[in-house]
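Reader: I'd like a close look at one part of this model, and then whatever you can tell me about how the chains go together. Take your time with it.

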There are 6 protein chains.
Amino acid sequence: MHLLVTNCNTTASMTEEIVAGARAAASPGTTVTGLTPAWGPESAEGWLDSYLSAAAVLDTLRRYEGQCDAVVMAGFGEHGREGARELLGVPVVDITEAAAHLACLLGRRYAVITTLDRARGQIEDSLHTAGVFTNCSAVLGTGLGVLELGDDERTLDAFVAAAERAKESGAEVLVLGCAGMTGLQRAVGDKLGLPVVDGVAAAVKLAESLVSLGLTTSKAGGYAAPLPKRRLWGPPGA
Amino acid sequence: MHLLVTNCNTTASMTEEIVAGARAAASPGTTVTGLTPAWGPESAEGWLDSYLSAAAVLDTLRRYEGQCDAVVMAGFGEHGREGARELLGVPVVDITEAAAHLACLLGRRYAVITTLDRARGQIEDSLHTAGVFTNCSAVLGTGLGVLELGDDERTLDAFVAAAERAKESGAEVLVLGCAGMTGLQRAVGDKLGLPVVDGVAAAVKLAESLVSLGLTTSKAGGYAAPLPKRRLWGPPGA
Amino acid sequence: MHLLVTNCNTTASMTEEIVAGARAAASPGTTVTGLTPAWGPESAEGWLDSYLSAAAVLDTLRRYEGQCDAVVMAGFGEHGREGARELLGVPVVDITEAAAHLACLLGRRYAVITTLDRARGQIEDSLHTAGVFTNCSAVLGTGLGVLELGDDERTLDAFVAAAERAKESGAEVLVLGCAGMTGLQRAVGDKLGLPVVDGVAAAVKLAESLVSLGLTTSKAGGYAAPLPKRRLWGPPGA
Amino acid sequence: MHLLVTNCNTTASMTEEIVAGARAAASPGTTVTGLTPAWGPESAEGWLDSYLSAAAVLDTLRRYEGQCDAVVMAGFGEHGREGARELLGVPVVDITEAAAHLACLLGRRYAVITTLDRARGQIEDSLHTAGVFTNCSAVLGTGLGVLELGDDERTLDAFVAAAERAKESGAEVLVLGCAGMTGLQRAVGDKLGLPVVDGVAAAVKLAESLVSLGLTTSKAGGYAAPLPKRRLWGPPGA
Amino acid sequence: MHLLVTNCNTTASMTEEIVAGARAAASPGTTVTGLTPAWGPESAEGWLDSYLSAAAVLDTLRRYEGQCDAVVMAGFGEHGREGARELLGVPVVDITEAAAHLACLLGRRYAVITTLDRARGQIEDSLHTAGVFTNCSAVLGTGLGVLELGDDERTLDAFVAAAERAKESGAEVLVLGCAGMTGLQRAVGDKLGLPVVDGVAAAVKLAESLVSLGLTTSKAGGYAAPLPKRRLWGPPGA
Amino acid sequence: MHLLVTNCNTTASMTEEIVAGARAAASPGTTVTGLTPAWGPESAEGWLDSYLSAAAVLDTLRRYEGQCDAVVMAGFGEHGREGARELLGVPVVDITEAAAHLACLLGRRYAVITTLDRARGQIEDSLHTAGVFTNCSAVLGTGLGVLELGDDERTLDAFVAAAERAKESGAEVLVLGCAGMTGLQRAVGDKLGLPVVDGVAAAVKLAESLVSLGLTTSKAGGYAAPLPKRRLWGPPGA
């Protein structure tokens, strides 16, 4: 099985980390290709970045000429998921919804811990439209920007502080609310005594699940293929 | 007062119709400038179109060098609204939410009548995140594409047929669910005996209201200005 | 255009303040007439006051013999709105819903700051039935009674203290939850760095908007004209 | 135990029917006094009637000089309930909520069948604010006015037709949505094979229950006694 | 009238306390029989206990050969209620829902105070499916186990501490969230100045109400009698 | 990896079908053991059956002495899931929630098609408490009992008829609402042009996903291990 994993920003080193996380989660026999959009924001931290990212990721998928069995969209809380479902015949799994789906199986309430507070609204909306917001007790920020994240003390401390607030909100499970946090789940989980779900890993498993069951996006409703028409994918003469 | 009205697609004739509708609704002393994105879809009919449109509209706003007091985003159910709120210091009003806000004042339940069934999901999500979905009894399609709409018998018949279903759902007020329907409200309202709200006109009045009260987007939370960073607004060498 | 603004209580000085606020918000060419009910409570602070006020305001509107193009009901959280919509052919806008409608356009979540804690329940119910409660993060009391409000230090301090709690609840926009607070919005907004919406001003703009678009209350459902029947508007021999 | 039952309109014959229904439901040892407001509408059928009725009923309760152990408010979907809870030290039970409370115990979903369609909105709002709307599958009108109701074929037929629609909505229990329907429950229940709950009877039992358990309205929050102030209960010189 | 009251656990002394509480609440002429399951957990404190208890209580009801007019299920937050409604022709009232129904009549928001924190989830789910969760502001634990409860200082102190948090959540009424708390309501209510509802007493009154009105479970939908089939009520050779 | 799959009833032939379905879905290297409860109902079709089944399945899991890496609970809409999560250290996935989780990834709205109408309520409640009810447009019955199901014309016809109603409700994806329907998904999907999700297969993939990611039930809240106490798992001397 071959999975395509799309980063939501133009930072290739982050694509590499995401791909490493995806490969660590993938089953034997699953290969993973990472895609970095050739345009868009260098990190997605807000609504404007998110919409720019959505178009760039869709353009990247549209231009991709290889084969794949499913697509994982690795932008936590970023837009675009439904557009990819229209565009493609293969299953599309977004890491936001994926993490929430698995988290629901592990405890009665889950919380998402993300980077900047400003990302909270997008994540809440994304979980709501994905149909998995009911059991979310909180979406909390650590105050760290996407490009500041690291597997170091400062990141860990900020995460643990947010996790305490998550517990007070009733959360029994945590979700890493940024693709750049991939790899943190074990360190954090050990420290906190709570299951910690990473969206990239979750999405890889859900994508593999759909493919192996022969399931793909319904084309009988809102995700039917885009209508043929004139579309310009970027400013003329850019 | 000067309003900027952004079409969500690249079809200049549609921008003209929208601007005509906006001018008809505007107060004396309000001037209206229409913007047509230089890229994006020729009509927005689905999620992929919507995300592409969002990026193109944000790019258009970003490049705009003139002055304005408020922005009206004239894509019914299309994405991008929150990004424009981040980007700009002036108020931003989207025609989807605007129509719903006024409709709530006119009856206990309202329904939206749009073009293709496939647009329904986006509209529902857009109303929900705008905080005005509670009193919406239905979002219904006429089966007509955006570029098929006209002020003719066929459009009217399709609209009236959908309106009957809207009434059964409990609606007491109708909303025209496409910027391209602007102008239809009077013909339809007379035929149906129900108030019919056009989003472009509604958004113009709400934008004027905010400006004249000195109110603008809160920058204290999720709509703070985008962080400075490297962003590429289109494919390299496009 | 001529707007009728109804105070919800019998205190004429408060009507004057409300009318002053309404006139400050009105467009050139809009005239404003204030109405003070001849009966009811001297201030509305609770459910009993609210129901008494509703009947008195409806009686006042029923007896009004002048012309008007729209009615603004200036009792924050008070009942009666739907009755006036039945009674009248012109649009009716209540300051509670009006403030919330505009607030939704300015930020992702808004909070209402009102007088006594006991008023909170009515306001929540009023926002819910108006269809704009979804994005309300909190309704908070300052502990000041309606007739204690002034444009002085004490009122400001109480408001600012409540505003801090509002921010913690996620609010990015504030709503002044009492007609008697009209005038406070600028002082408070400057101090807090948040947009502050006054219901009277908001309702004036929304009423003007509806009138200028030729929109009025739907008579096709629950707001059809009251059935003809015997009604006694007050105790016999009172 | 002594119960006060307030009609919501000025029609004394309807008070008599309600009192008869209340007495039929009351336990041995419970006495029932009916109160007919001296002012207000002759029947409550819409929002304006409802607000007028609320003030008149509160005035009636305020003037009542006798003793009572609890109050039953017999206007289905009418306003005023929370005001009476402020005003009085004894428990107050409204027939709308009462019927819903008992209906919830008898099946997974209940429906309300009322008089005119225009009453539906008020009933839905009343059930929502009472906290018992979750399991309501529909509120349906029979098309009969309050004063047209009788224990005859026409009323029964209209009720049975509405009941069929109720079943389709998933209802397993029916609620009589008008105090004037009291007495109909047995005839209708036999015909339909569904439990039919009458609000007057339900409210009598709930009022008796609260009294016998020594429970009464909480005065620690929104239902604290009305603040002392000047209130005029009707137009001067009326 | 004869009520059957089922304890949810095998501890006979707790059945006795529950029966004493039920008798104290019952009307003259109502007799109460307590049933202690012959199997199941000695106290129900968690999901596993709750499901085991549900089967044991249903088995107990199934084997009961006496007559009764209604059943009260005295396990707060425990499962089984809907199964008993299928099994029996007489009304079934569960103490969880019963307390909430009466609490809704006494204030705008109620809170439940229970034993261990781990019971909170079950109680929330039980209130939701019963249709009375809307006005619940919080479900809080005291940290005391079911078998640790007593009418002593420690229980009272833990309850009062939880009650303070309940008030902060907006509660105006408290519900005792454990059958073993029966008897505590008066001591606690006096100390707190809030109405305190005991589920056993509430359920007795609601059961009496249904019986005296001739109302019983709808058999027209989900609570139709169980289908005849082979069922083994316990392990073979146990 | 070794999965334990528990049937919810005592019918061994149904366990075999379920195990066959589970094995068909399992990855290479995953072994599947089926467990048939030694007691309980021969088929679970209603609330009483469901509670009896829950206790029997928990007893079966408790007595199981072998090793396993995860448990799949194969009773659609049946109770017990949370009890197994308390009891066990390994992940527990219920087929009801599992099907819904995957369905959410394939379309904007999904519908469940089950056996008898009486099962609908349980399924709705189960999806709600699992946190995945938001995007469910309908739960519909075919009118066929659990033991009447087969891979034949009659079953297929009943399913297809229900599927038409599902589409009208807005569903883009279907869920097989009974473990006994396993195997039907391909025949039905081809006929309808919609993705059809089987809960057994879905649960196998989700269980494998959790195990391979090293994730298991949170023990930090409501699913902590059951407290040690005296429990009798069946009637004495049965």
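In which helix of chain C is C:Glu208 found? And is C:Glu208 buried or exposed?

Author: Happy to, keeping in mind that this is a predicted model. C:Glu208 sits in helix H8 of chain C, the helix that covers residues 199–212. As for its surroundings, C:Glu208 has a relative accessible area of 6%; the cut-off for calling a residue buried is under 20%, so C:Glu208 counts as buried.

What does C:Glu208 have around it, then? Leaving aside residues up to four places away in sequence, C:Glu208 touches C:Met1 and C:Leu3, and also C:Ala26, C:Ser27 and C:Thr30. There's a partner for its side chain too: the side chains of C:Glu208 and C:Lys205 are joined by a polar contact of 3.0 Å.

Now for the chains, starting with E and D. On chain E, 43 residues are in contact with 43 residues of chain D. Between them, chain E and chain D bury about 3300 Å², and 64% of that is on carbon and sulfur atoms. Three leucines stand out here: E:Leu105, E:Leu106 and E:Leu213 supply 20% of the area that chain E buries against chain D, more than any other three residues.

How about polar links? The rule finds zero salt bridges across the interface of chain E and chain D, but it does find 16 residue pairs in polar contact there, with both residues at pLDDT 80 or more. Several elements of chain E each supply at least two residues of the side that touches chain D, among them strand S5 (92–94), helix H4 (95–104) and helix H5 (120–130). Strand S9 (196–198) and helix H8 (199–212) of chain E are also on that list. With seven residues, H8(E) gives the most to the side of chain E that touches chain D. Sorted by type, the residues on that side come out as 22 nonpolar, 15 polar and six charged.

Last, chains A and B. A turn of 180 degrees, with a shift of 0.0 Å along the axis, lays chain B on chain A with an RMSD of 0.0 Å. The two copies are therefore related as by a two-fold rotation axis. Which residue of chain B comes closest to that axis? That's B:Gly234, whose C-alpha is at 2.2 Å from the axis. And 100% of the interface residues of chain B are interface residues in chain A as well, which means the copies meet through the same surface.

Key
Residues are numbered from 1 along each chain as its sequence is written. Chains are lettered from A and ligands numbered from 1 in the order in which they are written. This is a predicted model: local features need pLDDT of at least 70, side-chain atom pairs count only at pLDDT 80 or more; totals for chains, interfaces and linings use all residues. Side-chain values use heavy atoms; hydrogens and water are left out. Copies are superposed by least squares on the C-alpha atoms of residues with pLDDT of at least 70 in both. Contact means heavy atoms within 4.5 Å. Buried area is the accessible area (1.4 Å probe) that two parts lose on being put together, summed over both. A salt bridge is a side-chain nitrogen of Lys or Arg within 4 Å of a carboxyl oxygen of Asp or Glu. A polar contact is a pair of N or O atoms within 3.5 Å; within protein, one must be able to donate a hydrogen and the other to accept it, and residues adjacent in sequence count only if both atoms are side-chain atoms. Helices (H or I, at least four residues) and strands (E, at least two) are DSSP runs, numbered from the N terminus. Ala, Val, Leu, Ile, Met, Phe, Trp, Tyr, Cys and Pro count as nonpolar, Asp, Glu, Lys and Arg as charged, and the others, Gly among them, as polar. Buried means under 20% relative accessible area, exposed over 50%, partly exposed in between (1.4 Å probe, protein chains only).
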